[in-house]
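The following report considers selected contacts and pairings, moving from a single side chain to a strand and then to a pair of helices.

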Amino acid sequence: MHAPGRVNLVGEHTDYNGGFVLPMAIPQQTHVELRRRSDQRVRVFSANKSQASEVLEFELGQEATGRGWLDYVQGVTQVLRKEGHTLGGVELRISSEVPLGSGLSSSASLDVALLRAFRGAFALSLDDVKIALLGQRVETDFVGAPVGVMDPMATSIAGLNVALFLDTQSLRFERVPLPPGAEPVIINSGVAHNHSAGDYRVRRAECEKAAGLLGVSSLRELTEADLPRALALPEPLGRRVKHVVTENARVLATVEAMRAGD
């Protein structure tokens, strides 16, 4: 099984605020090969790691954090079992063309590819949206990264040459074709990031604090008419609100332009 990475065209820091996003899939994929075992042991080999001969293992029901990239595999099995699905031991081989830590959703791509592999091997009743929601839980509940729903939704249901217009509050989505002649180019800045630490976590906490001070459950509920009182908040909270409100408007404007082939 496989799942793509993704790039976001517009709609930054809006998904965890219940807003609009416009990502699309990229050609690079994460690949997962799975073979069932007769016991409860999970053995995992990653072709992307420097110690290529190393096979990591854990027992189903004994998942524990702190094992680096293996936490994503453990998170998948734990989340599936908590959902009531019956699993058995497996042998896994993972390889990925998605650059790690480059803002192309390599972890969401891995989550979705793993969930698809388990779905196929154990005949699990999971549609693609449920796969995405479980992938988000792998990161928030097990790995400890407070990610929004955009990345797993994009890697699970987006496509090439179309943008995924997603309302992260309702999960309604539409695949919008790129304008004729448009060709996206992705440039690796060389700057790595980590959702479980650093500025991403800080930005999310600032948005949640601003929403609380403004008396709303999420910044999605605000409009440009609310910006004067938002900008009166202590810095940098007002700027966070302004970004989210105006970024949601930019996503909607971009979608209309794409629908018109502009």
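In this predicted model, a polar atom of the Gln136 side chain lies 3.2 Å from the backbone oxygen of Val147. Gln136 itself belongs to helix 3 (residues 128-143), and, when residues up to four places away in sequence are left aside, Gln136 touches Val147, Gly148, Val149 and Pro152.

Strand 5 (residues 90-96) has 6 of its 7 residues buried, so this strand is largely enclosed by the rest of the structure. Strand 5 pairs with strand 2 and with strand 3, as the table sets out.

| Partner of strand 5 | Bridges | Direction | Residue opposite Glu91 of strand 5 |
|---|---|---|---|
| Strand 2 (residues 20-36) | 7 bridges | antiparallel | Arg35 |
| Strand 3 (residues 41-46) | 5 bridges | parallel | Arg43 |

Glu91 thus has Arg35 standing opposite in one pairing and Arg43 standing opposite in another.

How are helix 5 and helix 7 oriented towards each other? Helix 5 (residues 199-214) and helix 7 (residues 237-259) pack at an angle of about 95°, with their axes 9 Å apart; since angles of 65 to 115 degrees count as roughly perpendicular, the two helices are therefore roughly perpendicular to each other. Helix 5 contributes Arg203, Glu206, Cys207, Lys209, Ala210, Leu213 and Leu214 to the contact, while helix 7 contributes Leu237, Arg240, Val241 and Val244. By residue class, this contact of helix 5 with helix 7 comprises 7 nonpolar and 4 charged residues, with no polar ones.

Methods:
Residues numbered from 1 in each chain as written. Predicted model: local features only at pLDDT ≥ 70, side-chain atom pairs only at ≥ 80, totals over all residues. Heavy atoms only, no water. Axes fitted to C-alpha atoms, helices over the stretch in contact; angles between N-to-C directions. Helix = DSSP H or I, 4+ residues; strand = E, 2+ residues; numbered from the N terminus. Parallel < 35°, antiparallel > 145°, perpendicular 65-115°, else oblique. Contact = heavy atoms within 4.5 Å. Nonpolar A, V, L, I, M, F, W, Y, C, P; charged D, E, K, R; others polar. Buried < 20%, exposed > 50% of the residue type's maximum accessible area, 1.4 Å probe, protein only. Pairing = 2+ DSSP bridges. Polar contact = N/O pair within 3.5 Å; in protein donor to acceptor, adjacent residues only side chain to side chain.
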